[in-house]
Structures are given as C-alpha cells and as structure tokens.
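Below are some notes on the model, set out point by point for checking against the coordinates.

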Amino acid sequence: MAADSRFITDLKNRFKRGDIVTQLIYINVGVFLIVTLVNLFLVLFNAGTEHRWTNWLLFPASFFQYLRQPWSVLTYMFMHAGVLHILFNMLWLYWFGRLFLGFFSAKHLRGLYVLGGIAGAVLYMAAYNVFPYFRDAVLFSYLLGASASVLAVGVATAVREPDYPVQFLFIGTVRLKYVALFMVALDLLFLTADNAGGHLAHLGGALAGWWFASGLVKGRDLTRWINIALDCCSGRWHRAPRKPKMEVHYGDKQKDYEFNERKKARTDEIDRILDKLRKSGYGSLTEEEKKSLFDASEK
C-alpha cells in the first residue's frame, strides 16, 4: 500500500510540475487506461455491454442524440479506440505542442486544444447531416480522438512560423508549412474512406488552428473565452481589479517630464523588440522581451 501511495503521489507531482503538453498527455493516457480497465472488467463478467457505456463519452453524428449527451463535445477529444490510436496522437501532440510553445503561451495551447476539438466536432456533425453520402450512417456514427485538437495546434504553429525547418528521417529538412499542407491534403483525399468522420474532424481542427493564429496577429484571442471558462471551473479565475483613476496634478512640470521620459523609454524598448521580432522571429526573443511584448499588448 505504501508503494502504491508513493506511486500515485509521484504521478500527481509530475503532473503538477509538467507543462501543458505533459498535462494533456497525462489526461489522455489516464482516460484511456481507465476506460480500458472498465471494459476489461465488463468482459470478464460477461456483461456484454462493454462498449455501449462509452458511447455516452463519444460525440454522435446525430444532433438529437447529442442533445442527450451535450458533454460529449468535450469528452470525445480525450477518448481513443486503441493503443496505436492514442500512441500516434500523443506523439503528434508532443511534437506539435513543443513547437507551439516556442511561439505561443501555455494558455493558448490549452484553449486551442479545446477549440480545435469543438471545431472538429461541429464540422463532423454538419457534414454527416448535410451530405447525402453520410445519411445512412448518422444514427450509429460517433467521433473520438484528439486528432482534431492536435491538428489545430500544428496548423496554428505553421501559420505563425511557416518557414520553420523540420528534420525528417530519410527525407531531410522540410518547412513546417508543407508538413501542415500535406496533412490537410491527406484528409481531403480520404473524405470518403472508412474513417471519413475522423478526416472531417481533422479539417475542422485545421480551420480552428488557422483561425486562431490569424486572429491573434490582429489582436483577437479566440481561446480567451475557453480559458476563462476553464479557470472558472477550476476556481483559478479572478476578475482583474479595476485600475484606480489617475490623478493629474497640473503645474508640476518635473513630474510630467519624468513621466514622459519613462513613457518614451518604454515605447523605444517595444519598438526595439518588434524590430528584432521582424528580423529574427519570435524564437529569438528572451523571456524578458516576450513578457514586455505581452504586457504591452494587454494595455
């Protein structure tokens, strides 16, 4: 018992100390192990319904079925069909996630994972209910897996740094934009294959990644509402205190001069960082420069 307790405590500590990529992988693997063990238990007792209960955690193609399980738009993106399914998804999440964190924040990754999953589910349901090709499969089709979320992260990174060099065994160096385009092209080519629903969800995730990265350049953070909701659920969100009104004292020229000097120094520093960003990219900035740029964008 003591060894089991230490093992669980160690896992908890690793989860807390890990970055958002590690935490998402832990959650996916944990859910997969729990679902697998429950299904194994049901099979051993000849329950005969080992897979039916999991349908309540998968995203249905039928809109009316979804109304009976609205939580599935979130739970499905942590479910997987087998060992190879989760293995490849987690490898892609680890790889794309590490690249993503070089250009965006951890909260952006957390929010985009959810946003990409939601976008994938929406496109999946819309296609299955609009196109006659899928009509006969609507009532018994379900979506599962983290692929849409992972592709959202990958495409967002490619939009942010399209010429980022990526090394592949036997192929050599490939620019990130071509990796993303290749993955999207494959999904388009296999829209009528056996896993048509999965490919549709991938395209939805890819659109979410492009939408997020393009919007962030213009100052719109599409993941903000998701992160606020997640922080509220975890009890970590607090409304920012209102800034006190600035008192202006006329006639104090020395204070005005000092204020203007500080303001000019901050402006010059931001201009220098932006110039460095244009020349060398986001990855060349130091942590202090990234923080200064982030603080300036919040004002």
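1. The model is predicted. On its surface, Leu37, Leu40, Phe41, Leu44 and Phe45 make a nonpolar patch of about 600 Å². One of these residues, Leu37, is found in helix H2, which covers residues 20–44. Leu37 counts as exposed because its relative accessibility is 58%, and the cut-off for that class is over 50%.

2. The second largest pocket has a volume of about 890 Å³. Its lining comprises 40 residues, and Ser147, Asp187, Asn195, His199 and His202 are the closest to the pocket centre. By class, the lining residues are 27 nonpolar, eleven polar and two charged.

3. Several elements contribute to the lining of that pocket. At least two residues each come from helix H5 (83–101), helix H6 (106–130), strand S2 (142–143), helix H7 (147–160), helix H8 (176–189) and helix H9 (196–217).

4. Leu101 lies in helix H5 and is partly exposed, with a relative accessible area of 24%. Its C-alpha atom is 8.9 Å from that of Thr157, although the two residues are 56 apart along the chain.

5. Phe170 deserves a look. Its phi is near 75 degrees, a positive value in a residue other than glycine. Phe170 sits in the loop between strand S3 (165–168) and strand S4 (172–175), and at 82% relative accessibility it counts as exposed.

6. How many salt bridges does a search of the whole structure find? The search gives five. Asp231 pairs with Lys107, with 2.7 Å between the closest N and O atoms. Asp231 belongs to helix H10 (residues 224–234) and Lys107 to helix H6, so this salt bridge ties together parts 124 residues apart in sequence.

7. Asp231 also forms a salt bridge with Arg110, at 3.0 Å from N to O. This pair again links helix H10, which holds Asp231, to helix H6, which holds Arg110, across 121 residues. Lys107, Arg110 and Asp231 are thus linked in a network of salt bridges.

8. Is the network buried or exposed at each residue? Asp231 and Arg110 are both buried, with Asp231 at 5% relative accessibility. Lys107 is partly exposed, its relative accessible area being 45%.

9. A further salt bridge joins Lys177 and Asp163, with the closest N and O atoms 3.2 Å apart. Lys177 is in helix H8 and Asp163 in the loop between H7 and S3, 14 residues apart. Lys177 counts as partly exposed at 28% relative accessibility, and Asp163 is partly exposed with a relative accessible area of 40%.

Key:
Residues numbered from 1 in each chain as written. Predicted model: local features only at pLDDT ≥ 70, side-chain atom pairs only at ≥ 80, totals over all residues. Heavy atoms only, no water. Patch = residues over 30% accessible without salt bridge, like charges linked within 9 Å, V, L, I, M, F, W, Y side chains within 5 Å. Areas by Shrake-Rupley, 256 points an atom, 1.4 Å probe, with all protein chains shown as cover. Salt bridge = Lys/Arg side-chain N within 4 Å of Asp/Glu carboxyl O. Helix = DSSP H or I, 4+ residues; strand = E, 2+ residues; numbered from the N terminus. Buried < 20%, exposed > 50% of the residue type's maximum accessible area, 1.4 Å probe, protein only. 1 Å grid on protein atoms, 1.4 Å probe; cavity = no way out; pocket = protein on both sides within 12 Å on 5 of 7 lines; lining within 4 Å. Points joined across faces, edges and corners; volume = space filled by probe spheres on them. Nonpolar A, V, L, I, M, F, W, Y, C, P; charged D, E, K, R; others polar.
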